[in-house]
Structures are given as C-alpha cells and as structure tokens.
Amino acid sequence: MACVLLISRLLPFSHRLRGTSICLLSLFLSYLFYCALFPDGAIMQTSGDPTPSCQRADGAKRRLQKSLSCLLPSDARLSGVEASRLKTDQRPQITHHAARNDTPSPPMSNLKFGNKKLPNAIIVGVKKGGTRAVLEFIRIHPDVRAAGTETHFFDRNYDRGLEWYRGLMPRTLESQITMEKTPSYFVTKETPHRISTMSQDTKLIVVVRDPVTRAISDYTQTLSKTPDLPSFQELAFRNQSLGVVDMSWNAIRIGLYALHLENWLRYFPLAQIHFVSGERLITDPAGEMARVQDFLGLKRIVTDKHFYFNRTKGFPCLKKPESSSSPRCLGKSKGRTHVQIDRDAIEQLRDFYRPYNVRFYEMVGHDFKWE
C-alpha cells in the first residue's frame, strides 16, 4: 500500500519519464520497503512470536523450506516455552559419564578397595617364639589384614621413610586392623623410640617362650643353614666348667626379656603390650588367640573350631578352609626336631636365666613357669 501511495504522488511527473523507467523505479522502491519490513527474510513473523517461520531462504539457491510447525494445524503448534524445552531436550547431553564411554569400566574383581595404612598393631618379638603362628592364626579374622613378609623397617630400613613402609602394607577398610611382624624389633635398641614416633597408640604383641628352649630352637635353625657351625655349648658358654654364659651370643641375648622390656617401657605403657605364651600357643591355640583378639579390640571369631593338632609336627594347624582342599600348617621349619644338648648345659642355662625370668614375671604380672 505504501508503494502504491508513493507511486500515485509521482504520477504528475510521469510525463517526463519513460514507461520503462517508471517500472524500474517502482520495483526498486518496493524492494526497499520489503527489506525494511522483513529484515530477516521471514514472512509475516513478529518478534514476539518465537514460532519458527514457515518459509526460509536456503543459501544462495533461495529455496523455500517448510518447518515442522507449518505441517501442523495452528492450534496444535508448540507454544514458545514448549518449543524451547523441545530444543533443550534435543541437544546432546554431555556429561562426565559420556566422556568416559570410550574407556570400558574395569571388572569388579579387579577394583582395589581400601587404603594402605601404617600398622595399628605390630608383632615385635621374639624370634623362634611363635610369631609366625600368631600372625597366621590372627589373619583368619576378617577384620585383620597383615603384611605377609617381615618388613624390618624399624631396624634395617628406617632411612627409607614412612611412605616406603606404608607401601608394604596391605589395603584395608576403615574398620580393619593393619598388622605386620618382625621379631627382631624386640631386641633392637632404637625400635621402641622409632615406633612411638610413628604412633604412640600402636599396639605391640610379644610372643615369649622359655629362653632355654628358645635358644636351642634358634641354634637348630641356624645349624640347618650352616652345617659347619660350632657346637651349642661352644657358643653358649665362655667357660662351661665355671658356668660362665656368653651373653654376647645373640641366641642367648634374645632370652633376656626383662632387659629388653625395660627399654620398651620407656616409650610405651605396659597396658599397650600384650604377651603371648609360646608354650600355651601349642597346647591351647584357641585360648591364646582369644586373648590376642581381646587385646586388639576384636570380636572373638578365631576359636577352637579353626584348629587341630598335628601329631607329626607336634604343632597346631589350621583346619581346612572352605576354599582349600587340604588343611593349612606352618612351614617345614615349624615343629623341627631340636638338636640334642647336654643335660648339664641345659641346667646351667636355667640357672643363668632364672633371675631374669623372675624379674620379667614381676614386670608383666604373670608367671610363665619356665622351670
């Protein structure tokens, strides 16, 4: 209509213009008005109506396309809000899970649960007292995880640092106890201070045994590895005729429990140290392990139903687990027959150890009856 009005006003001057010029001018003016009214190329679409247009230019070819809204009746077309939701739903959902779809999830059996923690409890001694048996027996408990080998961190590898030590521990859940055992700790002077520096709350377990029997067992093990070893009497006595014992020999020195305990009590209270009888561990393993579980604050799960006595080895073994076809006994070195020692040498050693034993009984408040 605007174009018609404009052309009508120009008609008085039409006698000066040729017919062709008038047509071109009309087309040009119509184009200008069209561009002003429809700047985006949409036909009859207002800014307040977000509904997609029914006709759109397609690049240079200028082809008209029909949208989905044009195919629907006017009363069935989506409102502006609904159309916005539809566009949002059609967008690809990019999430962290989608980003990981290219990498297959590992099977549940390969997942690692728990964390490696510094030990809550340590079996610190003594060598040939029954430490391996205590460790294997307590590992039956579902709330206990233990390092399989002796770490020797506090006596040989301390310079490697606590993170190295932590790396040797098994993964445990928050409710589980982490343990390790290294029997030489009990007789190493620096160890009590080092463990207390790590944690003053560490619980300590010491498996003790008649020091004379322990010394003979220690010698028997060493002899099996070193056949040309001097006799037991040569190593145990400086002068056997006078009954002078060589306290520098390690097999003798380990049995001086009272002297070693004095060093530990400088850093830990007695209530934090539990003593296991190596003799009762053989005759009543369930009873000894019940006391160990109480000390560690565990429910008594390891009981007499887990043990049977192996008469060949002279040592208790674990009954056949459900996942195994045979019972589980300790290694060949456990229950090994001791070398025969002269009876007089044994009596001399008992006389030597007696005052140390009595002192030890007084310190721990228990008589182990090593006579």
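Which residue stands opposite Met179 in β5? I started my notebook with that one, and the reply is Ala146. A reminder to myself before going on: this is a predicted model.

**Entry 1: strand β5 and its partners**

I looked up the neighbours of β5 next. Ala146 belongs to strand β3, residues 144–146, which pairs with β5 in the parallel sense over three bridges. Strand β2, residues 121–125, also runs parallel to β5, and that pairing has three bridges too. Here I noted Ile123, which stands opposite Lys181 in β5.

Then I checked how covered the strand is. Five of the five residues of β5 (177–181) are buried, so the strand is largely enclosed by the rest of the structure. I wanted to know which residues sit on which side. In a regular strand the side chains alternate between the two faces of the sheet. On one side of β5 I found Ile177, Met179 and Lys181, and on the other Thr178 and Glu180. Both faces are covered, with these residues buried on either side. I put a small mark beside Lys181 and Glu180, as both are on the buried list.

**Entry 2: helix α6**

I moved on to α6, which spans residues 131–138. How many of the eight residues of α6 are buried? The count is seven, so I wrote the helix down as mostly covered. The buried ones are Thr131, Ala133, Val134, Leu135, Glu136, Phe137 and Ile138.

Arg132 is in this helix as well, and I followed its side chain. A polar atom there lies 3.2 Å from the backbone oxygen of Gly148. I also compared Arg132 with Thr182: they are 50 residues apart in sequence, yet their C-alpha atoms are 9.4 Å apart in space.

Glu136 earned a second look. It forms a salt bridge with Arg139, and the closest N and O atoms are 3.3 Å apart. Glu136 has 14% relative accessibility, under the 20% cut-off, so I logged Glu136 as buried. Arg139, at 32%, counts as partly exposed.

**Entry 3: more salt bridges**

I looked up the total for the structure, and it holds 16 salt bridges. I went through a few of them by hand.

Arg291 and Glu288 meet through their side chains, 2.7 Å from N to O. Both are in helix α14 (residues 285–295), and because they are three residues apart, about one helical turn separates them. Buried or exposed, what is Glu288? Glu288 is buried, with a relative accessible area of 1%. Its partner Arg291 is partly exposed at 36%.

Arg354 and Glu371 form another salt bridge, with the closest N and O atoms 3.1 Å apart. Arg354 lies in helix α15 (residues 343–364) and Glu371 in the segment after α15, so this pair ties together parts that are 17 residues apart in sequence. For accessibility, I wrote down 31% for Arg354, which is partly exposed, and 60% for Glu371, which is exposed.

Last on the page is a group of three. Lys127, Arg214 and Asp218 are linked in a network of salt bridges.

**Entry 4: what I would show a labmate**

I would open with β5, which has β2 as a parallel partner and β3 as another. After that I would turn to α6, with seven of its eight residues buried, and point out the contact from Arg132 to the backbone oxygen of Gly148. I would finish on the pair Arg354 and Glu371.

Definitions and conventions. Residues numbered from 1 in each chain as written. Predicted model: local features only at pLDDT ≥ 70, side-chain atom pairs only at ≥ 80, totals over all residues. Heavy atoms only, no water. Buried < 20%, exposed > 50% of the residue type's maximum accessible area, 1.4 Å probe, protein only. Helix = DSSP H or I, 4+ residues; strand = E, 2+ residues; numbered from the N terminus. Pairing = 2+ DSSP bridges. Polar contact = N/O pair within 3.5 Å; in protein donor to acceptor, adjacent residues only side chain to side chain. Salt bridge = Lys/Arg side-chain N within 4 Å of Asp/Glu carboxyl O.
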